[in-house]
Amino acid sequence: MAAVIETVELSKSYRKHEAVRGLNLSVQAGSVCAFLGQNGAGKSSTIKMLLGMVRPTSGTGSILGHRIDREEESLLIRQRVAFVAEDKRLYDYMTVEQIVRFTKSFFPRWNHDFERRLMEQFELPPERRIRQLSKGMRTKLALLLGFARDCELLILDEPTEGLDPVAIEDVLQIVVSLVAEGTTVFFSSHQIAEVEQVADHVLMIDRGQLVLDAPMDQVKEQYRHIQAVFPSPVEERDFRLAGIETIRAEGCTVSLVASHNLDSIVEHVRMLHAGSIDVEPLSLKEIFLGKVKARS
Amino acid sequence: MFRKPNPSSGVPIYVQIKEQIRHAIETGAMSAGDQLPGIRGLAETLVINPNTVIKVYRELEQEGVLEIRHGLGAFIASRRRSRSKTEELRDAQRSVREFVETLREQGLDEGEIRRLFEAELAGEFQRR
């Protein structure tokens, strides 16, 4: 499979603040890649660099074969990539119908049937001015304008913000159908449950650096929480092994998060004469909190 | 027919769907020759990634549970083809390994385990 998005040591600094530090990404064609991180972790800066809206301070990257740091190619990128921004900025004075007509005039590949179907499914009122739309409606409209472009790559920044659970499920279902047709989706989200549901690859960014880059199934299969109780007090340094991500030792108990190498870790814990050893799977949310907390 | 998986359970979604299909076969809800939903159809119904459905069908095909007929879709395989001898032996080997490990954890040593196995097998064959 080919990489649709690729970056090499991509970095961005704003004066003294390093927003993105040496990012090496590779997103494969046909995948749904989730991009997770706290507010201010560098997600939006990264997305803006990918789209050629912001110039990298150093490093480089490409989208669909176009270099992101060359001005003459950024137009091509914006023609071929559908992007739904986090702020869902739209022309407030237009009606829903007007902005749809206005937007589609720029895109020859516009999918008219899909547009009509989404207008109905999202129950968007054609005559209403954008200024008078609820937050959820705005999000739906912004998504419609992105989805109907029929692009091979969709970049969505917080695509379900402000939506109720039914609408979220609708949006995820549309994403699923688009992927079945071969579209690649790169999306950032705070809603970890929805990420777990549809993403096949997870990227986590913290303070501008990548802290996790793995297939979702691998994360689910290999990340484990290990809790062990020992006859006498233990210390963190007893557990510095390959595959251990976090260690919390309190008296006679230790709580570990392992990302791989589970068998050897359990064996090591057993050798330290643990009285009981519990191994449990971890949810993505727990992994996320662990990654972020471990560094703060 | 299939239920939505629980995405935050810690069990990968593809494993959950595989279990559902196996369960459908075991309970007789689906039997040899029955067709499974298309990749896109199942992905849309369960709102899961189509690549996950592809992985499920591919793995179940390798395990002999499904048959992929190109251009037609995925079907439940007939039972006699459902597992090869090698796979049966490999599964058995895994059960034995796990069992031996359990006995070891209970404090039995190699000789004791060996004697128990041999006694059991000898008795088993005599009873036949």
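Visitor: What follows helix 6 of chain A, and what is its phi like?
Guide: In this predicted model, helix 6 of chain A is followed by Gly182(A), and the phi of Gly182(A) is positive, near 110°.

Visitor: How far apart are the end C-alpha atoms of that helix, helix 6 of chain A?
Guide: They are 23 Å apart, and this agrees with what one should expect, because at 1.5 Å a residue the 16 residues of helix 6 (residues 165-180) of chain A should span 22 Å.

Visitor: Which residues of helix 6 of chain A are buried?
Guide: The buried ones are Ile168(A), Val171(A), Leu172(A), Ile174(A), Val175(A), Val176(A), Leu178(A), Val179(A) and Ala180(A).

Visitor: OK, new topic: in what order do the strands of the open sheet in chain A come?
Guide: The order is 13-14-12-15, so to speak reading across the 4 strands of this open sheet in chain A, and the pairing is antiparallel.

Visitor: Why is one side of strand 13 and of strand 15 of chain A left without a neighbour in the sheet?
Guide: Strand 13 (244-250) and strand 15 (276-281) of chain A stand at the edges, where each has a single partner strand, and therefore one side of each lacks a neighbour in the sheet. As for the twist, the average from one strand to the next is 15°.

Visitor: How many bridges join strand 12 to strand 14 of chain A?
Guide: There are 6 bridges between strand 12 (residues 224-229) and strand 14 (residues 253-258) of chain A, and these strands run antiparallel. Looking at particular partners in strand 14 of chain A, Ile226(A) has Leu256(A) as its bridge partner, while Gln227(A) has Ser255(A).

Visitor: And how many bridges are there between strand 12 and strand 15 of chain A?
Guide: Strand 12 and strand 15 of chain A pair over 6 bridges, in the antiparallel sense, and in strand 15 of chain A the bridge partner of Arg224(A) is Pro281(A).

Visitor: Which helix lies across those strands of chain A?
Guide: That is helix 9 (residues 262-271) of chain A, which lies across strand 12, strand 13, strand 14 and strand 15 of chain A and runs at about 10° to strand 12 of chain A.

Visitor: Which residues of strand 12 of chain A are on the covered face, and which on the uncovered one?
Guide: Arg224(A), Ile226(A) and Ala228(A) make up the covered face of strand 12 of chain A, whereas His225(A), Gln227(A) and Val229(A) make up the uncovered one. In a regular strand, side chains alternate between the two faces of the sheet.

Visitor: Let's go to the start of chain A: how do strand 1 and strand 2 run?
Guide: Strand 1 (residues 3-14) and strand 2 (residues 17-23) of chain A run antiparallel and are joined by 4 bridges, with Lys12(A) standing opposite Val20(A) in strand 2 of chain A. Their hairpin has 2 residues between the strands, and in this hairpin Arg15(A) takes a positive phi near 50°.

Visitor: How many residues does each chain give to the contact between chain A and chain B?
Guide: Chain B gives 16 residues and chain A gives 23 residues. On the side of chain B that touches chain A, the elements giving two or more residues are helix 2 (39-46) and helix 3 (50-62) of chain B, and the largest share, 4 residues, comes from helix 2 of chain B. By class, that side of chain B has 9 nonpolar, 5 polar and 2 charged residues.

Visitor: Last one: how many helices and strands does chain A have?
Guide: Chain A has 10 helices and 15 strands, and of its 296 residues 41% count as buried.

Definitions and conventions:
Residues numbered from 1 in each chain as written. Chains lettered and ligands numbered in written order. Predicted model: local features only at pLDDT ≥ 70, side-chain atom pairs only at ≥ 80, totals over all residues. Contact = placed C-beta atoms within 7 Å. Nonpolar A, V, L, I, M, F, W, Y, C, P; charged D, E, K, R; others polar. Expected span 1.5 Å × (residues − 1). Buried ≥ 20, exposed ≤ 12 C-beta atoms within 10 Å, placed from the backbone. Pairing = 2+ DSSP bridges. Axes fitted to C-alpha atoms, helices over the stretch in contact; angles between N-to-C directions.
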